[in-house]
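Reader: I am new to this structure and would be grateful for a close look at one part of it. Please begin with a single residue in a helix and then relate that part to the rest of the chain.

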Amino acid sequence: MEAKTPKESKTTYTDLVLPSETNPLNNLFGGELLARMDRAASISARRHSRRIVVTASVNHVAFNRSIPVGSVVTVEAIVSRAFRTSMEVFIEVYVEDRESGLRSLSNEAIYTFVAVDDLGSPVAIPPLKPETDIEISRYDAALRRKQLSLVLAGKMKANDATELKALFED
């Protein structure tokens, strides 16, 4: 299978925050933001794998800033690492300033997807070839995050988590 670059999976999803999607403080519901991130990330994962994809985990979410009603929100998703059947997708959420049009980062997340066949069985996916410094940094960190998740879930022994151990060795 030929490697793909992260930019081949980049997905941008822009939408308006409507009153029915907000809490009593007139800010976007966290669950609504999670759904938007999941949609964008799943498209990104599908673009990389060219397969049906399912959300395996939401590894990290940072709700750094609230998003008020009427805001234009842009969710950007890009595959940061591909493993045998799974891929990590890095997500950034931007809010556009109403007057200046400038975008500012409001939220971030990392999701994991698994590519499956028509019966739901995992299938192999292409490797990922990062190109830019940020892509390489995210690619390298993805293996550490995966090993940490496996150790915490009891699916990997801490001594076998070589990438994590390397962080603590001189």
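Author: Leucine 148 is a suitable place to begin, and it belongs to helix H2, which covers residues 133-152. The model in which it is seen is a predicted one. With a relative accessibility of 42%, leucine 148 counts as partly exposed, because that class lies between the limits of 20% for buried and 50% for exposed residues. A distance helps to place this residue: from the C-alpha of leucine 148 to that of serine 66 is 29 Å, and the two residues are 82 apart in sequence. For scale, the C-alpha trace of the chain spans about 50 × 40 × 30 Å along its principal axes.

Helix H2 is part of a chain that contains 3 helices and 5 strands. Read from the N terminus, these elements follow the order β-α-β-β-β-β-α-α. The radius of gyration of the chain is 17 Å, which agrees with the value near 15 Å for a compact globule of 170 residues. Of those 170 residues, 39% are buried. The surface that the chain exposes amounts to about 9600 Å², and carbon and sulfur atoms supply 52% of that area. As for charge, the chain has 22 positive and 23 negative charges, and the mean positions of the two sets are 4 Å apart.

A second helix offers a residue with another degree of exposure. Histidine 48 is located in helix H1, and it is buried, as its relative accessible area is 1%. Residues up to four places away in sequence aside, histidine 48 touches Lys4, Ser9, Val79, Ala82, Met87, Ile125, Pro126, Pro127 and Leu128. Between the C-alpha atoms of histidine 48 and threonine 11, which are 37 residues apart along the chain, the separation is 11 Å.

One of the residues touched by histidine 48, Leu128, is also a contact of threonine 5, together with Lys129 and Glu131. Threonine 5 is situated in the segment before S1, and its relative accessibility of 12% places it among the buried residues.

Met87, another residue that histidine 48 touches, leads to the interior of the chain. The largest nonpolar core has 26 residues, and those that touch the most other members are Met37, Ile67, Met87, Val89, Ile91 and Phe113. Two or more residues of this core come from each of helix H1 (30-49), strand S3 (72-82), strand S4 (86-96) and strand S5 (103-116). In soluble globular proteins, nonpolar side chains tend to be buried together.

Isoleucine 67 shows what surrounds one such core member. Beyond its neighbours within four places in sequence, isoleucine 67 has contacts that include Val17, Leu28, Leu33, Val73, Val93 and Val95. Asn26, Asn27, Ser106 and Asn107 are also among the contacts of isoleucine 67. Over the whole chain, where contacts between residues at least 6 apart in sequence are considered, 68% join residues at least 24 apart.

Asn26, one of those contacts of isoleucine 67, deserves attention for its backbone. Asparagine 26 is in the loop between strand S1 (11-16) and H1. Its phi is positive, about 65°, although the residue is not a glycine. Most residues other than glycine have a negative phi. Asparagine 26 is partly exposed, having a relative accessible area of 44%. Arginine 50 likewise has a positive phi, near 55°, and is a residue other than glycine. Arginine 50 occupies the loop between H1 and S2, and with a relative accessible area of 59% it is exposed.

Strand S2 itself, residues 52-63, contains asparagine 59. That residue is partly exposed, at 33% relative accessibility. Apart from neighbours within four places in sequence, asparagine 59 is in contact with Ile110, Tyr111 and Thr112. Asparagine 59 and phenylalanine 90 are 31 residues apart along the chain, and their C-alpha atoms are separated by 10.0 Å.

Conventions: Residues are numbered from 1 along each chain as its sequence is written. This is a predicted model: local features need pLDDT of at least 70, side-chain atom pairs count only at pLDDT 80 or more; totals for chains, interfaces and linings use all residues. Side-chain values use heavy atoms; hydrogens and water are left out. Helices (H or I, at least four residues) and strands (E, at least two) are DSSP runs, numbered from the N terminus. The radius of gyration is taken over C-alpha atoms; the globule rule is 2.2 Å times the number of residues to the power 0.38. Buried means under 20% relative accessible area, exposed over 50%, partly exposed in between (1.4 Å probe, protein chains only). Contact means heavy atoms within 4.5 Å. Accessible areas come from the Shrake-Rupley method with a 1.4 Å probe; for residues, only the protein chains shown count as cover. Lys and Arg count as positive and Asp and Glu as negative; His and the chain ends are not counted. The place of a charge is taken as NZ of Lys, CZ of Arg, CG of Asp or CD of Glu. A nonpolar core is a set of buried Ala, Val, Leu, Ile, Met, Phe, Trp, Tyr and Cys residues joined through side-chain atoms within 4.5 Å.
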